[in-house]
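Me: I have a chain open in the viewer. Could you take me through how to read its features, one at a time?

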Amino acid sequence: MDTPDYSPTTQQRLIGDLRLVIENAEELLKNTDHYTGMVYQNARAKLATALTAANEELARFEEDQLNRMMEATRAANELHHDDSGEARILRAFYH
């Protein structure tokens with residue numbers, strides 16, 4: 001599935017929102033495990049499946065974000081000729 005390019009702020013907000021939804025879904029599953037009726041169990045099974053998909057999507061978003069950050073760092077190092085580890089660290093923290 002192709003995703004549109006979002007701004008870093010939008011991506012951060014999306015990741016934060018997804019984390020919150022996952023936390024709430026996990027809490028809901030935990031707090032409803034004592035309901036044994038078929039309707040509840042079916043609903044819990046659907047929620048568990050959706051939760052698995054959400055966790056996978058969150059991991060993909062975070063991996064993509066990390067890859068973009070690493071590429072931006074590499075490009076900045078090349079642009080500014082940061083050849084030493086010290087120069088790269090200083091650029092990361094002071095620029």
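Reply: Start with an aromatic residue. Y40 has a relative accessible area of 46%, so Y40 is partly exposed. Keep in mind that this is a predicted model.

Me: Which ring does Y40 pair with, and how are the two planes set?

Reply: Read ring pairs by the distance between centres, then by the angle between planes. The count here is one aromatic pair. The ring centres of Y35 and Y40 are 4.6 Å apart and the planes are at 20°, so the pair is stacked. The cut-off for stacked is under 30 degrees. Y35 is partly exposed too, because its relative accessible area is 34%.

Me: What elements does the chain have, and in what order?

Reply: Count helices and strands, then walk from the N terminus. The chain has three helices and zero strands. The order is α-α-α.

Me: Is the chain compact or spread out?

Reply: Set the radius of gyration against the globule rule. The radius here is 20 Å, well over the 12 Å that the rule gives for 95 residues, so the chain is more spread out than a compact globule. The box agrees in kind: along the principal axes, the C-alpha atoms fill roughly 65 × 25 × 20 Å. Buried residues make up 17% of the 95 residues.

Me: How far does helix α1 reach?

Reply: Compare the end-to-end span with the expected one. Helix α1 covers residues 8-31, 24 residues in all. From first C-alpha to last, helix α1 reaches 34 Å, close to the 34 Å expected at 1.5 Å a residue.

Me: Which residues of α1 are buried?

Reply: Look for a repeat along the helix. An α-helix has 3.6 residues a turn, so residues three or four places apart point the same way. In α1 the buried residues are Q11, I15, L18, I22, A25 and L29. What covers them includes α2 (38-79).

Me: Which residues make up the largest nonpolar core?

Reply: A core is read from buried nonpolar side chains that join up. Here the largest has nine residues: I15, L18, I22, A25, L29, L51, A54, L58 and F61. Helices α1 and α2 each supply at least two of them. The largest share, five residues, comes from α1.

Me: What is L51 in contact with, beyond its neighbours in sequence?

Reply: Set aside residues within four places in sequence, then list what is left. For L51 that leaves I22, A25, E26 and L29. Across the chain, among contacts with a separation of 6 or more, 58% are between residues 24 or more positions apart.

Me: Is N24 buried or exposed, or partly exposed?

Reply: Read the relative accessibility. N24 sits in helix α1. Its value is 48%, so N24 counts as partly exposed. N24 and L51 are 27 residues apart in sequence, and their C-alpha atoms are 10.0 Å apart.

Me: Where is T32, and what does its side chain reach?

Reply: Check the element, then the polar partner. T32 lies in the loop between α1 and α2. T32 counts as buried because its relative accessibility is 15%. Its side chain reaches the backbone oxygen of L28 at 2.8 Å.

Me: What about G85?

Reply: Same routine. G85 belongs to helix α3 (residues 85-94). At 44% relative accessibility, G85 counts as partly exposed. G85 and E27 are 58 residues apart along the chain, with 43 Å between their C-alpha atoms.

Note on methods
Residues numbered from 1 in each chain as written. Predicted model: local features only at pLDDT ≥ 70, side-chain atom pairs only at ≥ 80, totals over all residues. Heavy atoms only, no water. Helix = DSSP H or I, 4+ residues; strand = E, 2+ residues; numbered from the N terminus. Expected span 1.5 Å × (residues − 1). Buried < 20%, exposed > 50% of the residue type's maximum accessible area, 1.4 Å probe, protein only. Contact = heavy atoms within 4.5 Å. Polar contact = N/O pair within 3.5 Å; in protein donor to acceptor, adjacent residues only side chain to side chain. Core = buried A, V, L, I, M, F, W, Y, C linked by side-chain atoms within 4.5 Å. Phe/Tyr/Trp six-rings, centres within 6.5 Å; stacked < 30°, edge-to-face > 60°. Rg over C-alpha atoms; globule rule 2.2 N^0.38 Å.
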